[in-house]
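The following account leads the reader through a protein structure, from its strands to its helices and aromatic rings. Please keep the sequence and the model in view while reading.

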Amino acid sequence: MSRLPAPLNQLPLPIIGSPLFIISNPKLLIEQCKAGVVGSMPALNARPAEQLDEWLAEITEALAAHDRAHPDRPAAPFAINQIVHKSNDRLEHDMALCAKYKVPIVITSLGAREDVNQAVHAWGGVVMHDVISNVFAHKAIEKGADGLIAVAAGAGGHASVKSPFAMVQEIRQWFDGPLALSGAIASGGAVLAAQAMGADFAYIGSAFIATHEARAVDAYKQMIAESNSDDIVYSNFYTGIHGNYLKGSIRNAGMDPDNLPQSDPSKMNFGGGGSAKAWKDIWGCGQGIGAITEVVSAADLVARLKREYLEARERLMAVHIA
């Protein structure tokens, strides 16, 4: 394991809840942090842009109140996801608000920006950058990111085709900083497996969609609870970037999930796919959802993950001793 900077060095459970476009909100983030895992959300989920100020105030006040009431089990830190691609015309505005509230962790996506990293460091924050290959991992660290999120095959939304074993192995050959692993992780045993491979944290998204606090429609949550990896399709049709989606949502939109056309990857489009909108109508989801069988609260989900994580660790120790 790597040497971890504050605020990542004292997490009760080695889990970062991934920022879910449209779905993550202060309610879910706060419950994740109170349960002991890093809660996160995309800055762009706050619409209009002015709402982000209200949300960050709500988050910081709620977590501070929790810490005062429970000094023996303080909340985990929270993270805000920033899309640093040139198409995001809100980045400067949203970064200024992150600076105002001194957001502990900033997760950057779709490009690595030295100026963004320096801004976060100026207020004492930590930058985790998500990558889909070792090449992009090098670029992110060269531009000043503190840590990496390896988005491996099977992750929900925009995912890599790389095996998690290959990604972690290649990154760990040269990088000893904070590393999270994403891709089909929805059980406590999978969290431990991520650590066994060399990651510091599991990065979990799809499992949190099927929680009461998530801002997803009930049909989306229920489809996750009733589906498994056979119900996931990997396509670039909807945004120009390959991602994993629930086949049921594609069928509901009147399309055949097994015969989707290819999109032009040079024309990134976050609304694409004709009248069906990615994320709103076409539901992103990872391959690990076979472990999700019911819609529960975020606290109950984290409790299950913790219980399974400890049980898996005990089994591993018993095998080692034997």
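In this predicted model, strand S3 is covered on both of its faces. In a regular strand the side chains alternate between the two faces of the sheet. One side of S3 carries Phe78, Ile80 and Gln82, the other Ala79, Asn81 and Ile83, and every one of these side chains is buried. The strand spans residues 78-83, and 6 of its 6 residues are buried.

The neighbours of S3 in the sheet can be taken in turn. Strand S2, residues 39-42, pairs with S3 in the parallel sense over 4 bridges. Within this pairing, serine 40 has alanine 79 of S3 as its bridge partner. The connection between the two strands involves helix H2, residues 51-69, and S2, H2 and S3 together make a right-handed β-α-β unit. From S3 the chain then crosses through helix H3, residues 91-100, to S4, again in a β-α-β crossover that is right-handed. S3 and strand S4, residues 105-109, run parallel and are joined by 5 bridges. Here asparagine 81 stands opposite isoleucine 107 in S4. Asn81 thus appears both in this pairing and among the buried residues of S3.

Strand S1, residues 15-17, contains isoleucine 16. Is this residue buried or exposed? Its relative accessible area is 4%, so isoleucine 16 counts as buried, the cut-off being under 20%. Beyond residues up to four places away in sequence, isoleucine 16 touches Val38, Ala180, Phe201, Ala202, Tyr203 and Ile204. By contrast, the C-alpha atoms of isoleucine 16 and lysine 162, 146 residues apart along the chain, are separated by 20 Å.

Helix H4, residues 114-122, has Val116, Asn117 and Val120 among its buried residues. These three cover an arc of only 100° around the axis and therefore lie on the same side of H4. An α-helix has 3.6 residues a turn, so residues three or four places apart point the same way. The buried residues of H4 pack against H3 and S4, and also against strand S5 (126-131) and helix H5 (134-142). Just after H4, glycine 124 takes a positive phi of about 90°.

The aromatic rings remain to be described. Counting rings whose centres lie within 6.5 Å, there are 4 aromatic pairs. The rings of tryptophan 174 and phenylalanine 175 have centres 5.6 Å apart and planes at 50°, and the pair is therefore tilted. Tryptophan 174 is partly exposed, with a relative accessible area of 30%, whereas phenylalanine 175, at 8%, counts as buried. Tyrosine 220 and tryptophan 283 form a stacked pair, with 4.7 Å from centre to centre and 10° between the planes. This pair links distant parts of the chain, 63 residues apart: tyrosine 220 belongs to helix H9 (residues 218-226), and tryptophan 283 lies in the loop between helix H10 (247-252) and helix H11 (298-321). Tyrosine 220 and tryptophan 283 are both buried. Finally, Phe237, Tyr238 and Tyr245 are linked by ring pairs into a cluster.

Notes
Residues are numbered from 1 along each chain as its sequence is written. This is a predicted model: local features need pLDDT of at least 70, side-chain atom pairs count only at pLDDT 80 or more; totals for chains, interfaces and linings use all residues. Side-chain values use heavy atoms; hydrogens and water are left out. Buried means under 20% relative accessible area, exposed over 50%, partly exposed in between (1.4 Å probe, protein chains only). Two strands pair if DSSP finds at least two bridges between them. A crossover is right-handed if, with the strands pointing away from the viewer, the path from the first strand over the helix to the second runs clockwise. Contact means heavy atoms within 4.5 Å. The arc is that of the directions from the helix axis to the C-beta atoms. Rings of Phe, Tyr and Trp (its six-membered ring) pair if their centres lie within 6.5 Å; planes under 30 degrees apart count as stacked, over 60 as edge-to-face and the rest as tilted.
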